Protein chains: 2
Amino acid sequence: MIDPRLVTLRVFARCGTVGATAELTGYSPSAVSAQLRELQRVLGMQLLVKDGRGVRLTATGRFLVAGSDTLIAEWERLRAAAMEAGDQVQSSFGLGGFSTAAAQLLAPLAATLRSTRPLLKVQVLEADPARCFDLLVAERIDLAVIVAMQSDTFGEDDPRFEQTVLLDDPLDVIIPCEHPFASRETVTLEELASEPWITDAAGSTYHSLFTAAFTAVGVTPRIAHEAVEWETQIAFVGAGLGVGLLPRLAPLRSAENVVRLRITGRGKPTRRIVAAARRGSIGSPLIQESLEILQVSANRILRARPEDGL
Amino acid sequence: MIDPRLVTLRVFARCGTVGATAELTGYSPSAVSAQLRELQRVLGMQLLVKDGRGVRLTATGRFLVAGSDTLIAEWERLRAAAMEAGDQVQSSFGLGGFSTAAAQLLAPLAATLRSTRPLLKVQVLEADPARCFDLLVAERIDLAVIVAMQSDTFGEDDPRFEQTVLLDDPLDVIIPCEHPFASRETVTLEELASEPWITDAAGSTYHSLFTAAFTAVGVTPRIAHEAVEWETQIAFVGAGLGVGLLPRLAPLRSAENVVRLRITGRGKPTRRIVAAARRGSIGSPLIQESLEILQVSANRILRARPEDGL
DNA sequence: ATCGATCATGCACCTACTGTGCACGGTTCT
DNA sequence: AGAACCGTGCACAGTAGGTGCATGATCGAT
């Protein structure tokens with residue numbers, strides 16, 4: 001209901017270049033340029049100035065973008081309330097989430113919605129958390145499932161988003177079948193202090209999660225190998241190259257001769273998974289229903305004993 | 001910046017029929033019908049139901065319209081603030097007002113704006129107060145000058161509008177040149193109690209103003225003739241048919257052998273003239289400047305002595 | 001009961017907005 | 001200097017959204 005050109009401007013305010021805005025919104029760069037030009041004409045304001053080989057927001061432009069946060073939130077709130085008041089449904093629904101969430105949480109959610117609401121067009125996009133926020137602003141998706149990171153620039157109080165905690169996903173340890181601990185059910189991080197560890201490259205979200213888990217118990221792990229994908233890491237462990245941490249949500253196929261153990265003791269590392277939506281839209285019946293379904297899925301997975309993955 | 005279809009829905013909520021909405025917005029009835037249908041499709045809500053030979057808002061529709069008041073106001077506020085922050089001007093500006101205001105206040109305002117802001121497209125529409133409010137909602141005009149009536153359904157606290165008092169326009173008495181009081185400068189209503197009066201038909205806004213003036217001083221005037229236009233009333237008085245009340249803003253040509261006297265004594269009847277705009281937009285520099293110009297015009301007219309009209 | 005008036009809507013048609021693809025000029029980094 | 005990148009103008013195309021007329025439905029008046 002808000003003019004799509006204003007939405008485009010907001011996306012531009014986040015990524016700073018016309019090209020990136022085009023990529024995020026799905027338009028061509030020419031279209032973004034034309035939209036921004038038209039927006040300035042309609043409003044009678046100069047919103048952009050040339051800056052080097054790019055363009056930059058003017059003070060007026062920044063002011064407008066900042067103020068539009070409450071406008072967007074107001075509209076989302078109104079639409080959600082009207083939806084609830086009229087017990088009606090929207091026609092399309094976009095979901096976004098990072099890999100694990102997309103596979104374990106969003107896929108069943110989309111399937112459930114597809115059966116309970118046959119005429120709702122559901123679209124799922126896999127994207128990392130930062131891009132999920134971009135996609136929310138661009139209105140490409142309506143709900144995102146992400147890992148809450150302390151390093152995130154989006155706080156709880158960002159006027160553009162509203163977040164609710166979905167679940168705390170515990171990290172398990174995976175070790176090779178041949179490992180002396182393979183028959184145990186639980187283990188502490190201290191017991192594994194001298195093991196060769198497998199994790200992601202420094203700088204990734206998983207790596208910071210990894211180090212945080214060990215600093216919490218005062219252990220310095222020896223990092224032997226690096227793997228980006230869970231599948232790769234599991235394969236490394238299965239090959240006896242070392243041990244690793246695996247979120248409980250990440251599935252483990254039985255063929256992979258790897259054992260998953262729960263962590264006990266002082267340090268019980270978890271990653272917090274939250275759902276994010278545009279501020280104001282959280283009350284929408286569709287989003288509320290989605291959150292409930294997500295909770296059910298998450299609890300069902302978490303209740304499963306770690307040995308089930310063997 | 002708000003979707004024009006939502007604006008159309010708001011206009012429909014006020015006048016109740018597709019045809020009237022088309023007339024107010026400037027669209028054709030087919031276009032209004034298509035817009036409302038499209039709006040329901042996009043939002044996934046049923047906003048209208050057939051009702052006899054017309055259509056009626058559903059509960060959801062009424063809810064949406066009511067809630068959109070704050071949304072519109074929020075946008076107007078944001079735009080006005082951005083305008084002020086950036087010291088920029090809009091490209092078009094619509095003015096509305098009733099007959100006297102249009103001639104005496106809006107015409108000079110439009111002329112001034114045309115000279116101070118050459119590239120601003122100014123449009124003036126003459127319309128009675130009720131229609132002015134409709135035109136404000138329809139975004140055909142941005143500022144309206146109207147007579148405040150106690151019978152108006154639009155209170156000071158209407159979430160859609162914002163009003164500021166422009167001036168209190170005193171009512172003068174007009175009498176024939178041959179009248180014994182013609183050489184005086186002031187008169188009281190009591191002195192004219194037995195005169196034959198000329199006013200508008202019962203039910204008009206002027207008529208209620210007329211009776212209110214006399215009930216304030218406890219006099220019951222004898223209504224001899226009825227006239228709708230000021231010009232007609234003045235002609236009646238000039239022909240010696242009676243006396244009448246004339247707002248000071250209404251001009252008096254010297255050729256009309258009629259004398260204008262100020263009213264003194266307990267009852268000093270006035271009509272309150274206010275400016276109205278969409279809520280939130282009152283801070284816009286263009287509207288602020290317009291209000292100042294209107295004040296200047298009004299004061300200049302009011303300072304003129306009543307004899308000047310002879 | 002019938003006829004006319006009124007109201008919303010569907011349809012055919014057309015205009016004009018808006019997006020795409022490509023080429024170009026300007027700017028920065030190496 | 002040359003290459004890479006960024007934004008923008010232009011020709012073209014598709015489609016959203018406008019008008020005008022005809023139609024069906026409903027209400028009021030004769």
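**Entry 1. A term and the model**

A polar contact is a pair of N or O atoms within 3.5 Å. With that cut-off in hand, I turned to B:Ser28, where a polar side-chain atom lies 2.7 Å from a phosphate oxygen of DNA strand D. I note that the model is predicted.

**Entry 2. DNA strand D**

I looked up the surroundings of DNA strand D and found 18 residues, the closest being A:Val18, A:Ser30, A:Ser33, B:Ser28 and B:Ser30. I then asked which part of DNA strand D supplies the atoms within 4 Å of the protein, the bases or the sugar and phosphate. Sugar or phosphate accounts for 74% of these atoms, and bases for the rest.

Next I listed further contacts to phosphate. A:Arg37 has a polar side-chain atom 3.4 Å from a phosphate oxygen of DNA strand D. For B:Gln35, the corresponding distance from a polar side-chain atom to a phosphate oxygen of this strand is 3.0 Å. The elements giving two or more residues to the surface near DNA strand D are helix H2 (18–25), H3 and strand E2 (54–57) of chain A, together with H3 of chain B. I recorded H3(A) as the source of the largest share, four residues. Sorted by class, this surface holds five nonpolar, ten polar and three charged residues.

**Entry 3. DNA strand C**

I repeated the search for DNA strand C. Here 18 residues surround the strand, and A:Ser28, B:Val18, B:Gly19, B:Ser30 and B:Ser33 are the closest. Of the strand's atoms within 4 Å of the protein, 70% are sugar or phosphate atoms, while the rest are in bases.

I then looked for contacts to bases. The side chain of A:Ser30 has an N or O atom 3.0 Å from a base oxygen of DNA strand C. In B:Ser30, an N or O atom of the side chain is 2.9 Å from a base oxygen of this strand. On the backbone of the strand, a phosphate oxygen is 3.4 Å from an N or O atom in the side chain of B:Arg37.

Two or more residues each come to this surface from helix H3 (29–43) of chain A and from helix H2 (18–25), helix H3 (29–43) and strand E2 (54–57) of chain B. I asked which element gives the most to the surface near DNA strand C. The element is H3(B), with four residues. By class I noted five nonpolar, ten polar and three charged residues.

**Entry 4. Chain B against chain A**

I turned to the two protein chains. Contact involves 29 residues of chain B and 29 residues of chain A. The size of an interface is often given as the accessible area lost when the parts come together, so I looked up this value. The chains bury about 2500 Å² between them, and 73% of it is on carbon and sulfur atoms. B:Met1, B:Leu71 and B:Leu78 supply 24% of the area that chain B buries against chain A, more than any other three residues.

I searched for salt bridges across the interface of chain B and chain A and found zero. Polar contacts, with both residues at pLDDT 80 or more, number four residue pairs. On the side of chain B that touches chain A, H3 and helix H4 (59–86) of chain B are the elements giving two or more residues. H4(B) gives the most, 16 residues. By class, this side of chain B has 16 nonpolar, nine polar and four charged residues.

**Entry 5. Domains of chain A**

Finally, I consulted the domain assignment of chain A, which gives domain 1 (1–88) and domain 2 (169–270). Taken over C-alpha atoms, the centres of these domains are separated by 43 Å.

Note on methods
Residues numbered from 1 in each chain as written. Chains lettered and ligands numbered in written order. Heavy atoms only, no water. Near = heavy atom within 4 Å. Polar contact = N/O pair within 3.5 Å; in protein donor to acceptor, adjacent residues only side chain to side chain. Nonpolar A, V, L, I, M, F, W, Y, C, P; charged D, E, K, R; others polar. Contact = heavy atoms within 4.5 Å. Buried area = accessible area lost by both parts, 1.4 Å probe. Salt bridge = Lys/Arg side-chain N within 4 Å of Asp/Glu carboxyl O. Domains from an automatic or database assignment.
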